[in-house]
Amino acid sequence: TLSEDTMLTSSATSEDVAAGVKDEYGAVYSSDGLRLLSMSNFDIETYAIKQGVKVVCDWAFCNCQNLKSIDIPNSVELIGKNAFEKCNMLMQISLPNSIKEIDTGAFRSCESLRHISIPNGISTIESDTFRGCISLRSVELPNSVTVIESGAFSNCKMLRNISLPNSIEVIN
């Protein structure tokens, strides 16, 4: 869930998707435009999420194996569970400072991802967030990070550079 005032969930049911609005690229948004529910076009290579979206829902881009570039607007506050899992061609992603939470497994098995800069405001790197990102070489963590959950960087074989800020209290 998100902030108390909006209470938007990252969980998208089949009913949500059926009632959603599909754009010309195959992305399905909630009727209020606040949540990106799913991407039905698994062959898409580049995509820009619409401005105003606050939540990229669980598994929204999962298995979009040709996705090379994603533009996330500064309105997004939450990236759901496994949202970009198995986006094998995704090499780089810019995360805006508006993001307050990146859920479990969000970038799991993004095999081409090479660098990630976590936005300030994120306090926890959830379990399995970057598991299997076999090309990930460097990670920038802000001073807001206090917890790194178990398996967050598991099987990141190429990881050579990660600076742990003094704010870190727990590494599971």
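A salt bridge here is a side-chain nitrogen of Lys or Arg within 4 Å of a carboxyl oxygen of Asp or Glu. That cut-off matters for Glu85 in this predicted model.

## Glu85: a buried charge

Glu85 sits in the loop between S7 and S8. Glu85 is buried yet has no salt bridge. The nearest side chain of opposite charge is Arg108, 4.2 Å away. Because a salt bridge must fall within 4 Å, the Arg108 distance of 4.2 Å does not qualify.

What does the side chain of Glu85 join by a polar contact? The partner is the side chain of Asn82, at 2.7 Å. Neighbours within four places in sequence aside, Glu85 is in contact with Trp59, Phe61, Cys62, Asn63, Gly105, Ala106 and Arg108.

## Salt bridges

Side chains of opposite charge can pair when their charged atoms come close. The structure has five salt bridges by this rule. Among them are the three in this table.

| Salt bridge | Closest N and O atoms | Apart in sequence |
|---|---|---|
| Arg35 and Asp16 | 3.3 Å | 19 residues |
| Lys54 and Glu77 | 3.3 Å | 23 residues |
| Asp128 and Arg108 | 3.6 Å | 20 residues |

Arg35 forms a salt bridge with Asp16. The pair links distant parts of the chain: Arg35 is in strand S3 (residues 35-39), Asp16 in helix H1 (residues 14-19). Arg35 is buried, at 10% relative accessibility. Asp16 is partly exposed, at 25%.

Lys54 forms a salt bridge with Glu77. Lys54 lies in the loop between strand S4 (46-48) and S5, and Glu77 in the loop between S6 and S7, so the pair ties these parts together. Lys54 is partly exposed, with a relative accessible area of 24%. Glu77 is buried, at 13%.

Arg108 returns as the salt-bridge partner of Asp128. Asp128 lies in the loop between S10 and S11, Arg108 in the loop between S8 and strand S9 (115-117). Asp128 is buried at 15% relative accessibility. Arg108 is partly exposed at 27%. Arg131 belongs to this group too: Arg108, Asp128 and Arg131 are linked in a network of salt bridges.

## Aromatic pairs

A pair of aromatic rings is described by the distance of the centres and the angle of the planes. The whole structure holds six aromatic pairs. One of them is Phe61 with Phe84, which is stacked: the centres are 5.1 Å apart and the planes 10°. Phe61 is in the loop between strand S5 (55-56) and strand S6 (69-71). Phe84 is in the loop between strand S7 (78-79) and strand S8 (101-102), 23 residues apart from Phe61. Are these two rings buried or exposed? Phe61 is buried, at 0% relative accessibility. Phe84 is buried, also at 0%.

Phe130 and Phe153 have ring centres 5.4 Å apart and planes at 5°, so this pair is stacked. Phe130 lies in the loop between strand S10 (124-125) and strand S11 (138-140). Phe153 lies in the loop between strand S12 (147-148) and strand S13 (161-163). The pair therefore ties together parts 23 residues apart in sequence. Phe130 is buried, with a relative accessible area of 0%. Phe153 is buried, at 16%.

Ring pairs link both of these Phe pairs into a cluster with Tyr25, Tyr47 and Phe107. Elsewhere, a charge meets a ring: Lys50 lies over the face of Tyr29, 4.9 Å from the ring centre.

Technical notes
Residues numbered from 1 in each chain as written. Predicted model: local features only at pLDDT ≥ 70, side-chain atom pairs only at ≥ 80, totals over all residues. Heavy atoms only, no water. Phe/Tyr/Trp six-rings, centres within 6.5 Å; stacked < 30°, edge-to-face > 60°. Helix = DSSP H or I, 4+ residues; strand = E, 2+ residues; numbered from the N terminus. Buried < 20%, exposed > 50% of the residue type's maximum accessible area, 1.4 Å probe, protein only. Lys NZ or Arg CZ within 6 Å of the ring centre and 35° of its normal. Lys, Arg positive; Asp, Glu negative; His and termini not counted. Polar contact = N/O pair within 3.5 Å; in protein donor to acceptor, adjacent residues only side chain to side chain. Contact = heavy atoms within 4.5 Å.
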